[in-house]
Amino acid sequence: VGMIVTAMAISFGVGVGMGPTATDLLQATMASVPVTTDNSLPKVTSVNLETPLGVPESDDLHEPAGQHLLVDIKGIEADFLDSEARLSHAMVETVKQSGLTMLSYHCHKLIPKGVSCVGVLLESHISFHTWPDEGVITLDLFTCGNKPLIPAVGTIKALFGIPRANDEIHMQWSHELRGFRNKNKNRESGSSTDSIGTSNNYAVLDHNTDLSQMIWSPIDCVVKEQIVSTLTKYQRVDIWDLVGLEETPSYQDALKHNLQPGDPRWTNAEIVSPTRHLFLDGVLQSESSSHTEYHEAMVHPGMFSHPNPTKVAIVGGGEGATLREILKHKTVQQVTMIEIDSELIEIVKEHMPYFSDCTDLVGRADDCFADPATNLVIQDASQWFKKEFGGDSVQPTFDVVVLDALEPEMGSPISKALYEATGTLELIMKSLTEEGILAIQIGRAPTILDPRPDIGFNAPRERLFNALESLPQVQAMFVYEDAHCGFAEPRAFMVVCKAVSCRKRFYATADEMDYFIYDRIVRTNSKTRALKYF
């Protein structure tokens with residue numbers, strides 16, 4: 001046995017000594033890989049450097065925070081996905097068109113197919129891997145600083161989304177904020193009229209915003225399309241279309257596509273109509289699929305708490321849906337709408353016209369803003385009420401005031417001026433007639449898990465309640481909730497009364513309320529009910 005073991009050891013040693021080395025094997029492998037000439041690869045000249053290399057334009061790059069964009073695309077031409085030169089060119093162009101700085105990159109042609117690339121940026125990196133036979137590429141782009149990455153999504157799709165024959169490009173993506181950013185500094189800097197991407201207002205949008213959680217972060221979406229993303233003088237406005245992977249057709253989708261029993265499209269998102277979302281400073285305001293439920297819940301409990309509202313004021317409400325609901329009351333002769341942001345009104349008119357559509361209301365103009373009863377005032381509401389009702393001898397004007405501004409918990413300068421300034425609330429109550437009503441949307445409904453009201457998320461709302469309770473004009477306050485407004489959590493609303501008599505109407509029975517609706521609400525040209533859910 002010993003002799004056998006010794007012989008095996010000698011044979012192994014001789015074999016290793018005389019066999020190919022690891023270097024030989026590596027050289028043999030590399031020899032079989034097609035070599036791409038340097039002339040076919042793009043040079044690293046991705047952008048014209050405005051500043052010396054390594055000197056950022058702002059302090060944003062020094063902050064320990066960044067953005068991470070993950071992109072998956074399928075349906076791409078196989079030859080493109082197997083070409084180191086073409087893919088390198090697309091990568092360099094993506095960096096250039098995104099306004100980033102390429103320092104160096106390396107691509108490697110794989111055996112039998114596929115390419116992996118990584119690029120080192122002044123801002124961080126870009127990398128991807130391809131599967132030519134499957135027509136798939138997965139790409140990630142990470143940058144430091146607050147320069148927005150969302151615009152790069154369209155650039156990546158245009159440069160890498162080369163469709164193969166008889167196929168369509170399908171893309172899914174996710175955007176995440178990484179690291180630790182100074183959110184307080186960014187919030188204090190406010191909005192800007194500069195072009196998108198140059199204002200620190202963009203960085204206010206973090207993991208906690210509705211825009212991030214509902215749109216940017218989820219990757220499993222069939223449709224995720226940016227319609228508008230801009231900064232007005234006062235706020236950031238975002239409008240997005242979204243279809244989730246697990247969504248199924250609505251009743252309207254079924255009618256549109258004539259779905260029959262057994263049709264497989266009932267169980268997937270193939271024909272689902274996108275839901276359009278409106279965000280202000282990252283906070284969801286309304287959706288195309290539930291704007292009726294939300295605005296009916298906000299407006300009509302307060303309107304029906306007054307016996308005969310003829311003059312109404314709206315604070316905010318730039319999308320026009322609150323105005324639409326108020327004009328459904330045929331007693332209303334004048335609606336004064338005080339909105340600070342005229343740009344918001346025009347943006348929503350263009351991209352979400354159904355918010356201010358009064359075509360079905362008998363006796364009203366097709367455009368709610370064009371109705372003779374509408375008086376649109378473009379001004380800061382706090383200043384307007386101070387000017388109109390700040391004197392000692394002014395007379396009450398409004399039967400109902402609907403406060404449809406940013407939610408109290410947002411903490412923005414606009415919301416603080418309205419919800420936390422006792423002087424403004426006092427002037428609003430002063431503008432109300434003897435049986436006047438103030439209707440307010442007060443944001444997310446509290447849960448049993450929330451801390452006590454005066455601390456945490458609900459503290460601004462508690463300060464609003466305390467401010468109203470301190471006013472001698474306030475005789476009754478009612479808080480109610482609705483869980484069908486399209487938000488992830490139920491929304492809360494409040495009706496504030498200047499006279500105790502409003503209790504009877506607020507607590508009206510179902511039969512009494514049916515009569516109020518029949519007696520007061522306008523008829524429709526379509527012969528359907530003007531109020532769909534109330």
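Here is a short chat about a predicted model and how its strands and rings are arranged.

Colleague: I'm new to this one, so how many helices and strands are there in the protein?

Modeller: It's a predicted model, so keep that in mind. The protein has 534 residues, and 49% of them count as buried. As for helices and strands, the count is 17 helices and 17 strands.

Colleague: Which strands are the edge strands of the open sheet with β7, β8, β9 and β10?

Modeller: That open sheet has four strands in the order β7-β8-β9-β10, with antiparallel pairing. An edge strand here pairs on one side only. That picks out β7 (221–231) and β10 (283–287).

Colleague: And which residue of β8 stands opposite Cys221?

Modeller: β7 and β8 (residues 236–244) run antiparallel, joined by nine bridges. In β8, the residue opposite Cys221 is Gly244.

Colleague: Let's move to β4. Which residue in the turn between β4 and β5 has a positive phi?

Modeller: β4 (residues 124–131) is joined by five bridges to β3 (residues 115–121), and those two form a hairpin with two residues between them. β4 also pairs with β5 (residues 136–144), in the antiparallel sense over eight bridges. β4 and β5 form a hairpin too, with four residues between them. The turn residue with a positive phi, about 70°, is Gly135.

Colleague: Now the rings: are Trp384 and Phe398 buried or exposed?

Modeller: They form a tilted aromatic pair, 6.3 Å centre to centre with 35° between the planes. Trp384 is in helix α12 and Phe398 in strand β14, 14 residues apart. Buried means under 20% relative accessible area. Trp384 is at 9% and Phe398 is at 2%, so Trp384 counts as buried and Phe398 likewise counts as buried.

Colleague: What about Phe506 and Tyr507: why does Tyr507 count as exposed?

Modeller: Phe506 and Tyr507 form an edge-to-face pair, 5.4 Å centre to centre with 90° between the planes. Phe506 is partly exposed at 21% relative accessibility. The cut-off for exposed is over 50%. Tyr507 counts as exposed because its relative accessibility is 55%.

Colleague: Which charged residue lies over the face of Phe487?

Modeller: Phe487 belongs to an aromatic cluster that also includes Tyr294, Phe506 and Tyr507. Over its face, at 4.1 Å from the ring centre, lies Arg491.

Colleague: And which ring does the charged end of Arg505 sit over?

Modeller: The charged end of Arg505 is 4.1 Å from the centre of that ring. The ring belongs to Phe516.

Methods. Residues numbered from 1 in each chain as written. Predicted model: local features only at pLDDT ≥ 70, side-chain atom pairs only at ≥ 80, totals over all residues. Heavy atoms only, no water. Pairing = 2+ DSSP bridges. Buried < 20%, exposed > 50% of the residue type's maximum accessible area, 1.4 Å probe, protein only. Phe/Tyr/Trp six-rings, centres within 6.5 Å; stacked < 30°, edge-to-face > 60°. Lys NZ or Arg CZ within 6 Å of the ring centre and 35° of its normal.
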